[in-house]
Amino acid sequence: MSVFKDHKISFKQILEFVPKALLSHLSATTKVDYYSKVLHGEKMFYLLLFCIFDNEKLSQRTLEDTFNSSGFKALFGLGEEEKIRRSSISERLSKIDPNYFKEIYEYIYERFSSLYDKAETEKYNLIRVDSTIVSHASSRLKEGIDQKSGKKLVKFSFSFDGILPSAVEIFNTQKYSSEEVALPEAILNQVKKEEHHENIYIIDRGLQSTRKMQEFDEHSVKFIIRSKENRKIEELGSLIEPGNIQKWNGWEVIKDSKVKLYTGKPIQNKRGNLHYREELVTTTFRLVVIKNEKQNKEFWFLTNEFEISAKEISDYYRKRWDIEVFFRFMKQELNLSHLVSLNKNGIEVMVYVTMIAAMLLLIYKKANNLGYKTAKRRIVMELRDMITAILIVFAGGDPDKIFKT
């Protein structure tokens, strides 16, 4: 087998975090195997997971060839007589219950995140939230967000805790083209599952709606949002003590105040035309403005968190960049930018299996102190060596004579 002396954990051990008993239980509770003779939920799960790691660009043809290969069958204990066609994979992706894969993902996330120590738990209560999009020719994608270019988009709004993806929402209808609609729904859906959370949600400038911020506050959702500069506000009082100049590493706090924000109230006139009248909302927010002395540029942040310092607000927001790195990893290393299925059901299945693959890879990467590309390359090497060892045993040989372990 592939042995990397500096590794603390092998990928075979990582795979054991997905117990067969769980897959069998979910097959019964989700009824994922109804009306399926060959492509049962467990087989689909292992097929998709294996192919995500083993291929640079995934397709239904690739899935067909992989399932029919002796190596894949040996690794996952399938019968040599089992065969499938691409059309069967396409139909199965369009109809299989995505909740089966969603529950596997949620189980793995809960298991891994429970291993965070106290310091990490506090660190990873910062949830970065942002969206990434995948586009496709409108003639092929069945449902999507229409663009003037003729393409359709699918939007994935991810939550990321700094190590693992903690949630995802998939949007393919026109109203979700705006982040003002997509991001609040993604956040509030996650909050429903974590009733007693202590998360702070870090959000970029895509969300500026005062009413959405007010809704977050009503649901006890803590947030830090980068605001547009020179936004109209009503200042209620400064939180900076007189004579206390806050500076660090070329940054300075220009403003730290309690504020009220304006919003547009829809008014319909006698002619039936709709216009908006400015009004102040009742909720009190906090505005922090910091200045970069080298660039002579101001950064505005809005939050409903009054217990932390202005520097901590700035530092927390800087961690938002982690989700951009995560998006690049998902698209470049795990092929998220390519749609294997063109209907929402299949897209949802693929996203959840990709997130499972991402979690397994990220834990492998963190435990073994590797980079993204090295981690994926070594996982593939381990998988291929596992197949080789099994085939040697099937042929009556001794893999120890080949793999010096």
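**Group meeting: cavities, a pocket and one helix**

Helix α13, residues 344-368, contributes 4 residues to the lining of the largest cavity, and no other element gives more. That is where I'd like to start today, everyone. Please keep in mind that we are looking at a predicted model.

So what lies around that space? The largest cavity holds about 120 Å³, and its lining is made of 14 residues. If you want to find the place on screen, go to N335, L336, H338, M350 and T354, which are the lining residues nearest the centre. By class, 10 of the lining residues are nonpolar and 4 are polar, with no charged residue in the lining.

How many cavities of 30 Å³ or more are there? The count comes to 2, so let me show you the other one. The second largest cavity has about 40 Å³ of space. Around it you will see F11, L15, L49, F50, F53, F76 and L383. Two elements, α1 (11-15) and α3 (41-54), each give two or more residues to that lining. The largest share is from α3, with 3 residues. And the chemistry here is easy to remember: 7 nonpolar residues, no polar ones and no charged ones.

Now, on to the pocket. The largest pocket encloses about 430 Å³. Its lining has 20 residues, and those nearest the centre are Y109, E110, S113, E194 and N199. Which elements each supply at least two residues of this lining? They are α7 (98-113), β4 (165-171) and α9 (179-193). Helix α7 has the largest share, with 5 residues. The classes in the pocket lining divide into 6 nonpolar, 8 polar and 6 charged residues. Set that beside the largest cavity, whose lining has no charged residues, and the second largest cavity, whose lining has no polar or charged ones.

Last stop, helix α6, residues 86-95. Three of its residues, I89, R92 and L93, are buried. Where do they sit around the helix? They lie on the same side of α6, because they cover an arc of only 100° around the axis. And what do the buried residues of α6 pack against? Their partners are α3, α4 (60-67) and α13. Two of those names you have already heard: α3 gives the largest share of the lining of the second largest cavity, and α13 gives the most to the lining of the largest cavity.

That's my tour. Thanks for listening, and do rotate the model yourselves while we talk.

Key
Residues are numbered from 1 along each chain as its sequence is written. This is a predicted model: local features need pLDDT of at least 70, side-chain atom pairs count only at pLDDT 80 or more; totals for chains, interfaces and linings use all residues. Side-chain values use heavy atoms; hydrogens and water are left out. On a 1 Å grid over the protein atoms alone, a cavity is a set of points where a 1.4 Å probe fits but cannot get out, and a pocket is an open set with protein on both sides within 12 Å along at least five of seven lines; lining residues have an atom within 4 Å of a point. Grid points are joined across faces, edges and corners, and a volume is the space filled by probe spheres set on the points. Ala, Val, Leu, Ile, Met, Phe, Trp, Tyr, Cys and Pro count as nonpolar, Asp, Glu, Lys and Arg as charged, and the others, Gly among them, as polar. Buried means under 20% relative accessible area, exposed over 50%, partly exposed in between (1.4 Å probe, protein chains only). The arc is that of the directions from the helix axis to the C-beta atoms. Contact means heavy atoms within 4.5 Å.
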